[in-house]
Amino acid sequence: MTTPSTPPTPYQQQAYQQPPAPQQNAQGPQAGYYVSPIPVRRATLGDAIASEWTKIRSVRSTMWTLGILIVLLLVIGVLSAVAVRLSDADLGSTPVLSLGFFGVLLGSICVITLGVMTIASEYGTGMIRTTMTACPSPGRVLGAKAIVFFLLTFVLTTVMTTVVAVLQTAILDADTPSGADWLRSTVGVGLYIATLGLLSLAIGALIRHSAGAITVMIGVVLLPLVLAIFMFAQSLAKIQEWLLEYSIPNQLSNFYDTSVTESGPSGWEPLWIMVGVTAVAMGGAYLAMSRRDV
């Protein structure tokens with residue numbers, strides 16, 4: 001036997017009714033919905049640069065690597081000038097600014113390390129997922145990192161090499177360097193070291209491992225010169241000469257007019273070679289970031 005159902009009361013009918021859906025084309029905020037006061041706009045390259053600047057200046061690795069770079073440039077540059085002054089050595093035709101070469105060569109390891117860690121460390125910690133979520137464009141992320149890193153290392157290296165050059169000329173009684181010598185030993189060296197750091201950043205994006213990328217870059221810097229030193233066979237003479245000419249230490253010494261070879265790149269040519277190699281590596285890094293998942 002079934003019991004007759006009683007009709008719902010008006011109060012029950014009102015309780016069972018669903019609230020009306022908000023109109024999609026309504027103008028202005030809907031009642032009961034939160035609306036952020038921050039205007040919504042498309043992200044730009046400037047936003048990515050601001051984000052990368054905040055990251056690079058707030059991590060301890062930047063402070064340590066650039067701090068050691070400053071110490072190496074200043075201490076080695078000044079101590080070499082003081083040692084020459086105390087020993088009464090005659091520089092002869094050797095440019096006085098060339099005494100800053102050893103500090104720059106050792107300091108380049110710091111720039112290489114920072115360049116790799118600028119991007120590879122984010123893959124190690126998983127921070128790259130947050131970065132790519134906030135800015136899904138790989139080209140914009142890579143470009144922002146490259147701009148911030150290049151400007152930071154270029155300005156710091158140029159300023160410090162200028163300070164060291166002024167101190168060396170003040171300590172030593174030698175011929176006054178020409179304007180071209182000053183330009184190559186300061187701005188030229190700054191551009192070369194900053195571009196070398198960009199190459200390290202590209203290798204870090206390709207390998208995605210800090211230790212591995214740093215090892216590769218140190219090998220790129222030092223291995224050709226080391227191999228050339230131990231090539232004693234006459235049949236390897238041409239290979240030895242080529243390795244010496246295009247090794248990074250020798251190309252860097254060209255900016256100080258102290259190249260160990262009489263042939264090969266000279267003047268500003270080492271910078272253009274480094275720019276070309278870095279451009280190819282950055283292109284490969286962009287393709288890798290575009291095709292691979294984080």
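How are α3 and α4 oriented relative to each other, roughly parallel or roughly antiparallel? The legends below take up this pair, two further helix pairs and two empty spaces in a predicted model.

**Figure 1. Helices α3 and α4 in the predicted model are roughly antiparallel to each other.** Two packed helices are described by the angle between their axes and the distance between the axes. The axes of α3 and α4 cross at roughly 170° and come within 8 Å. Angles over 145 degrees count as roughly antiparallel, and the two helices are therefore described in that way. On the α3 side, the residues in contact are S61, T62, T65, L66, I68, L69, L72, L73 and I76. They meet F102, G103, V104, L106, G107, C110, V111, T113, L114 and M117 of α4. Sorted by class, the residues of this contact are 13 nonpolar and six polar, with no charged residue.

**Figure 2. Helix α4 also packs against helix α8 (residues 210-229).** The angle between α4 and α8 is about 150°, and their axes lie 9 Å apart. The crossing of α4 past α8 is right-handed. From α4, the contact uses I109, I112, T113, V116, A120 and S121. From α8, S210, A213, I214, M217, I218 and V221 take part. Nine residues of the contact between α4 and α8 are nonpolar and three are polar, while none is charged.

**Figure 3. Helix α7 (residues 179-207) packs against helix α11 (residues 269-291).** Their axes are 8 Å apart and form an angle of about 25°. This angle makes α7 roughly parallel to α11. Where α7 passes α11, the crossing is left-handed. The residues of α7 in the contact are L191, Y192, T195, L196, L198, L199, A202, A205 and L206. Opposite them, α11 supplies P270, L271, M274, V275, V277, T278, A281, M282, G284, A285, A288 and M289. The contact of α7 with α11 has 18 nonpolar residues, three polar residues and no charged ones.

**Figure 4. The second largest pocket contains about 290 Å³ of space.** Which elements give two or more residues to its lining? They are α2 (45-58), α3 (60-87), α4 (101-125) and α6 (138-171). Of these, α4 gives the most, with six residues. The lining consists of 17 residues, and those nearest the centre of the pocket are K55, V59, M117, T118 and S121. M117 of α4 also appears in the contact with α3, and S121 of α4 in the contact with α8. By class, eight lining residues of the pocket are nonpolar, five are polar and four are charged.

**Figure 5. The largest cavity has a volume of about 80 Å³.** Rolling a probe the size of a water molecule over the atoms shows where empty space is left. How many cavities of 30 Å³ or more does the structure hold? There is one. The residues lining the largest cavity are L73, L97, G100, V104, M160, T161, V164, A165, Q168, S185 and Y256. Helix α6 gives the most to this lining, with five residues. L73 and V104 are also part of the contact between α3 and α4. The lining of the largest cavity has seven nonpolar and four polar residues, and no charged residues.

Notes:
Residues are numbered from 1 along each chain as its sequence is written. This is a predicted model: local features need pLDDT of at least 70, side-chain atom pairs count only at pLDDT 80 or more; totals for chains, interfaces and linings use all residues. Side-chain values use heavy atoms; hydrogens and water are left out. On a 1 Å grid over the protein atoms alone, a cavity is a set of points where a 1.4 Å probe fits but cannot get out, and a pocket is an open set with protein on both sides within 12 Å along at least five of seven lines; lining residues have an atom within 4 Å of a point. Grid points are joined across faces, edges and corners, and a volume is the space filled by probe spheres set on the points. Helices (H or I, at least four residues) and strands (E, at least two) are DSSP runs, numbered from the N terminus. Ala, Val, Leu, Ile, Met, Phe, Trp, Tyr, Cys and Pro count as nonpolar, Asp, Glu, Lys and Arg as charged, and the others, Gly among them, as polar. Axes are lines fitted to C-alpha atoms, for helices over the stretch in contact, and angles run from 0 to 180 degrees between N-to-C directions. Angles under 35 degrees count as roughly parallel, over 145 as roughly antiparallel, 65 to 115 as roughly perpendicular and the rest as oblique. Contact means heavy atoms within 4.5 Å. A crossing is left-handed if the near helix is turned anticlockwise from the far one by less than a right angle, and right-handed if clockwise.
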